[in-house]
Amino acid sequence: MNRVPNPLIDELASDLAPVSPMTHRTGIAVAFAALALSVTGTALVEGIWMAPYAGQASPFFLIVNLAFLLLGLACAGAVLRMASPSVGNSYAGSGWALAMTAILPAATLVALLGRGDALAAIDEAFALHCVTAPLLTSLVTATALVWWLRRGAPVSATRAGFLTGLAAGALGTFSYGLSCSFDTVAHLGLWHMVPVAIAALAGRIVVPFLVRW
């Protein structure tokens, strides 16, 4: 039987071009490259505070920064999986990491109010810089994750945006935190949490508009 050619199919297929497949391994490499670029940029612009490596920083400095690192990696991993949705994908790790990190500001407020110096902590001279610098640093990770999401097909753009902002804010704060010489409970538990919250809110609002087809 002779079939009549359909010109519509030819027109649709004429603009198609081969693309490289999305693999989870490539996504992980993109996320770690963004993290490495953030840390390198911080080292060049702000410098790295070397006291922790000489045992001269408080344990809280290491605890808080490692918490941000774990939160950022957990959320970034969830974003990578959301770009390629499939049956059985789990994002529970990011939720547990967020719950763990949320303990920090709560414990800090209790400690400050118990000592009566909460107002002094809120009025720190370098607080603004410790909020704006991590936000600027977080743009590196945010750009990488948004690019990855645009290549994929996230089912929930709002949730993907929230996790993208959370990952970018946490990894940006971790990167900048390596240069911050303030290792008190008040400073780290308050001012290093603010950019993470701002980035998460911004991601939830802005990212869905950037990843929709």
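**Figure 1. Helices α2 and α6 in the predicted model.** Helix α2 spans residues 24-45 and helix α6 spans residues 127-151. Their axes come within 8 Å and cross at roughly 165 degrees. Angles over 145 degrees count as roughly antiparallel, and α2 and α6 are therefore roughly antiparallel to each other. The crossing of α2 past α6 is right-handed.

**Figure 2. Residues in the contact between α2 and α6.** From α2, the contact takes in T26, G27, V30, A34, L37, S38 and T42. From α6, the residues are T137, V140, T141, A144, W147 and W148. Sorted by class, the contact has 7 nonpolar and 6 polar residues. No charged residues take part in the contact of α2 with α6.

**Figure 3. The aromatic pair of W49 and F61.** A search of the whole structure gives 2 aromatic pairs, and W49 with F61 is one of them. The ring centres of W49 and F61 are 5.2 Å apart, and the planes stand at 75 degrees to each other. Planes over 60 degrees apart count as edge-to-face, so the pair of W49 and F61 has that label. W49 lies in the loop between α2 and α3, whereas F61 belongs to helix α3, which covers residues 59-83. The two residues are 12 positions apart, and the pair links distant parts of the chain. F61 has a relative accessible area of 3% and is buried.

**Figure 4. The aromatic pair of W147 and W148.** For W147 and W148, the distance is 6.0 Å centre to centre, with 55 degrees between the planes, and the pair is tilted. Both residues also appear in the contact of α6 with α2. Is W148 buried or exposed? W148 counts as buried, because its relative accessibility is 2% and the limit for buried is under 20%. W147, at 43% relative accessibility, counts as partly exposed.

**Figure 5. The helices of the whole protein.** The close-up views above belong to a protein with 9 helices and 0 strands. Along the sequence, the pattern reads α-α-α-α-α-α-α-α-α. The protein has 213 residues, of which 42% count as buried. Among contacts in the protein with a separation of 6 or more, 86% are between residues 24 or more positions apart.

How values were computed. Residues numbered from 1 in each chain as written. Predicted model: local features only at pLDDT ≥ 70, side-chain atom pairs only at ≥ 80, totals over all residues. Heavy atoms only, no water. Axes fitted to C-alpha atoms, helices over the stretch in contact; angles between N-to-C directions. Helix = DSSP H or I, 4+ residues; strand = E, 2+ residues; numbered from the N terminus. Parallel < 35°, antiparallel > 145°, perpendicular 65-115°, else oblique. Left-handed = near helix turned anticlockwise from the far one by under 90°. Contact = heavy atoms within 4.5 Å. Nonpolar A, V, L, I, M, F, W, Y, C, P; charged D, E, K, R; others polar. Phe/Tyr/Trp six-rings, centres within 6.5 Å; stacked < 30°, edge-to-face > 60°. Buried < 20%, exposed > 50% of the residue type's maximum accessible area, 1.4 Å probe, protein only.
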